[in-house]
Amino acid sequence: MSQNKGDVIKELETVFRDRLFTEPHILALYSHDASSEVGVKPMAVVQPVSVDEVVRVVKLAIDYGFKIVPVGSSTSLSGNATPKLENTVIVSLERMNSIIEVSDIDWYARVQPGIKVDELNLELMGYGLQWPVDPASSKTATVGGVISNGGGGMRGAKYGPASHWVLGLEAVIGTGDVIRVGCRTVKCREGYNLVQVFIGSEGTLGIVTEATLRLTPLPESFVGVMARFGNAESLVDAVIRVRRDKLWPMVTEFIDDITAQILNLEPGYYLWIGVDTYTGSEQQILSKLSADISSSGGEIISKASTWQEFSKILEPRRMLYSATLKAAFNDYGTDVFVAFEDVAVPMSKLPEAVREIQSLGKKYNVKMNLGGHIGDGNLHPSVWARRSDRDEMDRVLRFFEDVGKLAIRLSGTVSAEHGIGTQKRGLLREAISSRNGGNSDMVIGLMKGIKRIFDPHGIFNPGKIFD
Ligand SMILES: Cc1cc2nc3c(=O)[nH]c(=O)nc-3n(C[C@H](O)[C@H](O)[C@H](O)COP(=O)(O)OP(=O)(O)OC[C@H]3O[C@@H](n4cnc5c(N)ncnc54)[C@H](O)[C@@H]3O)c2cc1C
């Protein structure tokens, strides 16, 4: 059936009533995510409250030929949640935000996709459990968004990204069917792993309507430090020493001197290390950390003995994104473009990666700051330019590309946790080519084949990953 906007809106109205939005200011809000990607106003926003309503909007999309961008809180940083076509309906999962079940014996939680990560973890605290996927955006980011972006975060140094912490999913795919994949047990060998196919698929395969999340206990005891260094080399050296000592911190995060300055901290490079442990081992861990930090030329400026205390001293690191925006808007106001890089390299390559990123910044003479999840090799150099300044924009984009190429050269990845969205499509091809004799066609072709199976009518989130 061909598309008629008036008919589509009428049909949506019968399903969603006061949970359908077409007001221009609301459409403007949903026309972009937290990246600088320029989107278009969608034709409508709907907020389903049940899987049946999700099925109904997908079936309408099949009948009327409109596109769907599923969103959680739209905090994506690579254009993942930014609509690119006007005939888009945003399906916002924000009202499907319940915790359905928590098992403190089986250590899983069944949740709806719109629950925010912090809200979930607050509830889990009562059970002595956590979902340890903890993006810096955890106050806002939804579980469905984190799963769909394959996100990671502040506890990634030990616990890794979302792909380690999802046991099962319910989703509505592009035929309008509801599928349930995965298990409630950690061991689950039931054919191809379709749970993992969904994780990081950025809303291109279907809409996640429920997730069974793997949980782990909160630490019995904790040793946390915040340390300051004179330069990036000595900070990286401390991280490597901790690694050599076989300490396995839950949190290893950093910011550079420019970010520190924006946040009004004393000048320096800041490192946060938090080790989850058992009662009785704290002193030994603290001695090792102190020795590693001072041997690298750093000084401990704050300590914490519980996860809650540590969360407070970690707050400046969670402000990396807002610090970047503050500096960028101060420089250029609303004419600003910010590119948030998200590469990861093997830990042994960190010294080289940090050195080279800083020298690329100088080479292209760009405004930048640096921080990230250094404990899993994940670096976020952010750069900004005046949008209307062609030369500066060109330098920023070349920096962005070169950092991606550097990650490939150092056996790392062009996208650690933010996803491909619209901004990393070229780099995705380069990364795949680098591992496949200079050609990405076969692997990209397989991915496109998977997309066609799940989404035969091409409804979901067009223009992302490889379109
Ligand atoms: C301040 C700040 C800090 C950040 N820190 C981190 C960090 O530490 N680690 C990290 O990984 N990321 C980080 N991010 C990026 C972002 O917050 C994460 O990727 C987060 O997981 C996105 O969640 P969301 O609910 O906003 O998802 P959205 O941005 O709304 O959506 C993310 C993607 O998933 C799709 N999607 C959303 N919900 C569903 C669903 N139910 N079913 C199918 N597809 C869906 C969307 O189409 C989109 O492609 C940060 C962003 C900001 C602004």
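**Briefing: a predicted 467-residue model**

Val-336 is buried, because its relative accessibility is 6% and the cut-off for burial is under 20%. The model is a predicted one. Its protein holds 17 helices and 21 strands. The radius of gyration is 22 Å, close to the 23 Å from the globule rule for 467 residues, so the protein is as compact as a globular protein of that length.

**Overall build**

- The C-alpha trace spans about 70 × 60 × 45 Å along its principal axes.
- Of the 467 residues, 58% are buried.
- Contacts between residues at least 6 apart in sequence were sorted by separation: 73% of them join residues at least 24 apart.

**Surface and charge**

- The exposed area is about 19,600 Å². Carbon and sulfur atoms supply 51% of that area.
- The protein carries 51 positive and 56 negative charges. The mean positions of the two sets are 3 Å apart.

**Annotated region**

- An unreviewed UniProt entry lists residues 38-218 as "domain: FAD-binding PCMH-type".
- In the model, this span is 22% helix and 27% strand. Its end C-alpha atoms lie 40 Å apart.

**Two buried valines in strands**

- Val-336 sits in strand E16, which covers residues 336-340.
- Beyond four places in sequence, Val-336 touches Ala-328, Phe-329, Trp-384, Ala-385 and Arg-387.
- Ala-162 is 174 residues from Val-336 along the chain, and their C-alpha atoms are separated by 31 Å.
- Val-111 belongs to strand E6, residues 108-111.
- Val-111 has 0% relative accessibility, so this residue also counts as buried.
- With neighbours within four places set aside, the contacts of Val-111 include Ser-98, Ile-99 and Ile-100. Leu-120 and Val-143 are also among them. Glu-210, Ala-211 and Leu-213 touch Val-111 as well.
- Val-111 and Gly-182 are 71 residues apart along the chain, with 14 Å between their C-alpha atoms.

**Two loop residues with positive phi**

- Arg-17 is a residue other than glycine, yet its phi is positive, near 45°.
- Arg-17 lies in the loop that links helix H1 (5-16) to strand E1 (20-21).
- The relative accessibility of Arg-17 is 61%, so this residue counts as exposed. The exposed class begins over 50%.
- Asn-365 likewise has a positive phi without being glycine, here near 50°.
- The loop holding Asn-365 runs between helix H14 (350-363) and strand E18 (367-369).
- Asn-365 is exposed, because its relative accessible area is 59%.

**Pro-456, after helix H17**

- Pro-456 is found in the segment that follows helix H17 (441-454).
- Its relative accessibility is 44%, so Pro-456 counts as partly exposed.
- Outside the four places on either side in sequence, Pro-456 touches Gly-174, Thr-175 and Lys-451.
- The C-alpha atoms of Pro-456 and Ala-291 are separated by 58 Å. Along the chain these two residues are 165 apart.

Terms used: Residues are numbered from 1 along each chain as its sequence is written. This is a predicted model: local features need pLDDT of at least 70, side-chain atom pairs count only at pLDDT 80 or more; totals for chains, interfaces and linings use all residues. Side-chain values use heavy atoms; hydrogens and water are left out. Helices (H or I, at least four residues) and strands (E, at least two) are DSSP runs, numbered from the N terminus. The radius of gyration is taken over C-alpha atoms; the globule rule is 2.2 Å times the number of residues to the power 0.38. Buried means under 20% relative accessible area, exposed over 50%, partly exposed in between (1.4 Å probe, protein chains only). Contact means heavy atoms within 4.5 Å. Accessible areas come from the Shrake-Rupley method with a 1.4 Å probe; for residues, only the protein chains shown count as cover. Lys and Arg count as positive and Asp and Glu as negative; His and the chain ends are not counted. The place of a charge is taken as NZ of Lys, CZ of Arg, CG of Asp or CD of Glu. UniProt positions are given in the numbering used here, feature names are shortened, and annotations may be inferred rather than shown by experiment.
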